[in-house]
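Colleague: I would like to understand how the words used for a structure follow from its numbers. Could we take the terms in turn, with the cut-off behind each?

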Amino acid sequence: MLEWLAMKTIVLFDIDGTLINTGGAGMRSVARAFEKLYGVTGDLELDQVAGRTDPAIFRNKYRQLLGGECVAGELHALTTTYLEILVDELDSAEYRILPGVEELLAKLSEIPGVVLGLATGNLERGAFLKLRRGQIDQYFKFGGYGSDSESRDELTRLAVDRGRHQIGDEAAKAVVIGDTRHDIESGKAAGARTL
């Protein structure tokens, strides 16, 4: 099944919709953060968040609900509040690891020369909160995150570079696995194979 993997391969995973389903914990956390900080409400739709970075989601929601631009101090406040709320939401969410994920991660982690990482729009801390909830965080030691860049292309390039550093080969091949066109487009922009 995994014969296409060569020695020294970086396998990068998206999180939401690829590894896990949080039952909407992230979207509820964003909505609650805006309500707590600004007293405004407005639910997020899946098409507003799928494949996008957390900071871009915060900025877009800020424009939509409050008008104007979300400056650095406000983005920091939203980020901090969102992460605090996410812990509670993950505990109460209909969280589940998607079928076959645990078996795939275990199998991939046993292949010599293959390293597993993340290429996700989640903030780094949020990514690991989500993965820790399902006890699959131990498979991932590096990645590219929404806290690195609001650009999916840039954070995926960073993940590939970090993977090459981890594996000790600047020419190592990379594969990006995701569930949205944003994952696939960013993987291609980083010169990776995509699934």
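Colleague: What makes a stretch of the chain count as a helix or a strand, and how many of each are there?

Modeller: Helices are DSSP runs of H or I with at least four residues, strands are runs of E with at least two, and both are numbered from the N terminus. Counted in this way, the secondary structure comes to 8 helices and 7 strands. This is a predicted model, in which local features need pLDDT of at least 70 and side-chain atom pairs count only at pLDDT 80 or more, while totals for chains, interfaces and linings use all residues. Residues are numbered from 1 along each chain as its sequence is written, and side-chain values use heavy atoms, with hydrogens and water left out.

Colleague: How do you know whether the radius of gyration agrees with that of a compact globule?

Modeller: The radius is taken over C-alpha atoms, and the globule rule is 2.2 Å times the number of residues to the power 0.38. For 195 residues a compact globule would have a value near 16 Å, and the chain has 17 Å, which agrees. Along the principal axes, the C-alpha atoms fill a box of roughly 55 × 30 × 25 Å.

Colleague: Why is phenylalanine 34 called buried, and what is tyrosine 38 called?

Modeller: Buried means under 20% relative accessible area, exposed means over 50%, and partly exposed lies in between (1.4 Å probe, protein chains only). Phenylalanine 34 has a relative accessible area of 1%, so this residue is buried, whereas tyrosine 38, at 26%, is partly exposed. Over the chain as a whole, 49% of the 195 residues count as buried.

Colleague: What makes phenylalanine 34 and tyrosine 38 an aromatic pair, and which kind of pair is it?

Modeller: Rings of Phe, Tyr and Trp (its six-membered ring) pair if their centres lie within 6.5 Å, and planes under 30 degrees apart count as stacked, over 60 as edge-to-face and the rest as tilted. By this rule there are 5 aromatic pairs. Phenylalanine 13 and phenylalanine 140 form one of them, with 6.0 Å centre to centre and 75 degrees between the planes, and this pair is edge-to-face. That pair links distant parts of the chain, with phenylalanine 13 in strand β1 (residues 9-13) and phenylalanine 140 in the loop between α6 (124-133) and β5 (143-144), 127 residues apart. Both phenylalanine 13 and phenylalanine 140 are buried. For the pair you asked about, phenylalanine 34 and tyrosine 38, the centres are 5.9 Å apart and the planes make 40 degrees, and this pair is tilted. Ring pairs also link Phe34, Tyr38 and Tyr62 into a cluster.

Colleague: How are phenylalanine 34 and tyrosine 38 placed within helix α1?

Modeller: They are 4 residues apart in helix α1 (residues 25-38), which means that about one helical turn separates them. An α-helix has 3.6 residues a turn, so residues three or four places apart point the same way.

Colleague: What makes two residues count as being in contact, and which ones does threonine 120 touch?

Modeller: Contact means heavy atoms within 4.5 Å. Leaving aside neighbours within four places in sequence, threonine 120 is in contact with Asp14, Ile15, Ala127, Gly144, Tyr145, Gly146, Arg152 and Leu155. Threonine 120 is found in the loop between β4 (114-119) and α6, and with a relative accessible area of 1% it is buried. Helix α6 has buried residues too, including Ala127 and Phe128, and the buried residues of α6 pack against β2 (20-21), α4 and β4.

Colleague: Why is threonine 81 called buried, and where does this residue lie?

Modeller: The relative accessible area of threonine 81 is 7%, and therefore this residue is buried. Threonine 81 has its place in helix α4 and touches Ala33, Lys36 and Leu37, not counting residues up to four places away in sequence. Alanine 93, in the loop between α4 (72-92) and β3 (96-97), is at 10% relative accessibility and so counts as buried as well.

Colleague: Is glutamine 135 buried or exposed, and what is its phi?

Modeller: Glutamine 135 has a relative accessible area of 64%, so this residue is exposed. Its phi is near 60 degrees, a positive value in a residue other than glycine. Glutamine 135 follows α6 and is found in the loop between α6 and β5.
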